[in-house]
Amino acid sequence: MSRRIWPWLRALVAAAILAVLAWRLGTDAFLNGLRAIGPRTALAALGIGLATTAFSAWRWCVVARGLGLRLPLRVALADYYRALLLNAVLPAGVLGDVHRAVSHGNRSGDLGGGVRAVLLERFAGQLALLAVGAVVLVIDPVVPVPLVPALLVIGALAGSALLIPAVRRAAVTFWRDARRGVLTRRAVTPVAVSSLATVAGHLALFLVAARASGAEAPLGVLLPLLVLALLVMALPINVGGFGPREAFLALAFAATGLDPAQGLATSVTYGALTLIAALPGVLVLVSGRSGGTAPEAPPPADREERRTGSHR
């Protein structure tokens, strides 16, 4: 019952946040965010989206190969575009990633491995975002954030969760896969480079949205706010990214002496541009092709590694 209620509850909470923002700031802020999009901003979104999606697909390939799964970059790029589009238009916000994980797992003949590869790939991206956010906030803490207490609370919660046997087993499995798929000499550098490049692409698109919607604050003021907004997007109560992000930017702009309606418009513009950036996924959906449905045979070395690992 809770599994069926949670998606609807999440959508209702996000809708309630947007309704409160419309009540307090007016609907013009939403409309201004949409009016800010023109041909140049749309082309910028497509170009930046291509770069960030290519880097994300490359990261996925590296992680998958580290786990012994074959994943050509061309297939990963098509699947990633389709996932981004599904994430943007479907309520849960993660169904696209679920689809690419299951599709790749089925094609590879290892469903669990396909799911773990996507989890590791997304985790690497979030870790890079956290690292960039920490650096930006330490260098230029425009919004006062008690980093040390927050980290202590998060660490305490994570440590207490490990007391649950199921969580502990999942953590052990995750760490084992991370050592194979990410924390190796062959994988760690490309994963780090692609993750940082992806974060840079998201921030670049956010800056395009801010300037297009009329935000003229200096880059040093905007950048910490935009980094924090990307972190807020990880909260699982949004609809296609909309909800907490808009509330945070409105409050953050107000806290730094900027117009909160401008922050809301910036967030709406960014949300629309991310949808435009994911539009090539329509071509993948229409063509119905990415990597096919036949299981992919792993390379001989990977097959030998799996056999060896299974006897340990």
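Select α2 (28–35) and helix α12 (residues 260–277) in this predicted model. Their axes come within 7 Å and cross at roughly 45°, which makes α2 oblique to α12. The crossing is right-handed. To display the contact itself, show Ala29, Phe30, Asn32, Gly33 and Leu34 on the α2 side, together with Ala261, Leu264, Ala265, Val268, Thr269 and Ala272 on the α12 side.

**From α2 to the loop that follows**

Move next to Ala36, which is located in the loop between α2 (28–35) and α3 (39–66). Is Ala36 buried or exposed? Its relative accessibility is 18%, and a residue under 20% is classed as buried, so Ala36 counts as buried. Apart from neighbours within four places in sequence, the contacts of Ala36 are Thr41, Ala212, Ser213 and Thr269. Draw a distance between the C-alpha atoms of Ala36 and Thr269: the value is 6.9 Å, although 233 residues separate the pair in sequence. Thr269 also belongs to the α12 side of the contact with α2.

**Ser213, a partner of Ala36**

From Ala36, proceed to Ser213, one of its contacts. Ser213 is placed in the loop between α9 (185–212) and α10 (219–232). Its relative accessible area is 13%, and Ser213 is therefore buried. Which residues does Ser213 contact, once neighbours within four places in sequence are set aside? Select Ala36, Gln262, Ala265, Thr266 and Thr269 to see them. Among these, Ala265 and Thr269 take part in the contact that α12 makes with α2. Thr269 is listed as a contact of Ser213 and as a contact of Ala36.

**α3 against α9**

The two loops just visited lead to the next pair: α3 follows the loop of Ala36, and α9 precedes the loop of Ser213. Select both helices and view their axes, which come within 9 Å and cross at roughly 160°. How are α3 and α9 oriented relative to each other? They are roughly antiparallel, because the crossing angle is over 145 degrees. The crossing in which α3 passes α9 is left-handed.

Remain on α3 and draw a line between its end C-alpha atoms. The separation is 41 Å, which agrees with the 40 Å that its 28 residues should span at 1.5 Å a residue. Just after α3, select Gly68, where phi is positive at about 85°.

**α11 and its end**

Continue to helix α11 (residues 244–255), a run of twelve residues. From the first C-alpha to the last it reaches 16 Å, close to the 16 Å expected at 1.5 Å a residue. How many of the twelve residues of α11 are buried? Nine are, so that the helix is mostly covered. To highlight them, select Pro244, Arg245, Glu246, Ala247, Phe248, Leu249, Ala250, Ala252 and Phe253. Just after α11, Gly257 adopts a positive phi of about 85°.

**The whole chain**

Finally, restore the full view and colour by secondary structure: the protein chain has 14 helices and zero strands. Of its 312 residues, 40% count as buried. Among contacts with a separation of 6 or more, 72% involve residues 24 or more positions apart. With the surface displayed, the accessible area comes to about 16300 Å², and 71% of it belongs to carbon and sulfur atoms.

How values were computed
Residues are numbered from 1 along each chain as its sequence is written. This is a predicted model: local features need pLDDT of at least 70, side-chain atom pairs count only at pLDDT 80 or more; totals for chains, interfaces and linings use all residues. Side-chain values use heavy atoms; hydrogens and water are left out. Helices (H or I, at least four residues) and strands (E, at least two) are DSSP runs, numbered from the N terminus. The expected span of a helix is 1.5 Å times one less than its number of residues. Buried means under 20% relative accessible area, exposed over 50%, partly exposed in between (1.4 Å probe, protein chains only). Contact means heavy atoms within 4.5 Å. Accessible areas come from the Shrake-Rupley method with a 1.4 Å probe; for residues, only the protein chains shown count as cover. Axes are lines fitted to C-alpha atoms, for helices over the stretch in contact, and angles run from 0 to 180 degrees between N-to-C directions. Angles under 35 degrees count as roughly parallel, over 145 as roughly antiparallel, 65 to 115 as roughly perpendicular and the rest as oblique. A crossing is left-handed if the near helix is turned anticlockwise from the far one by less than a right angle, and right-handed if clockwise.
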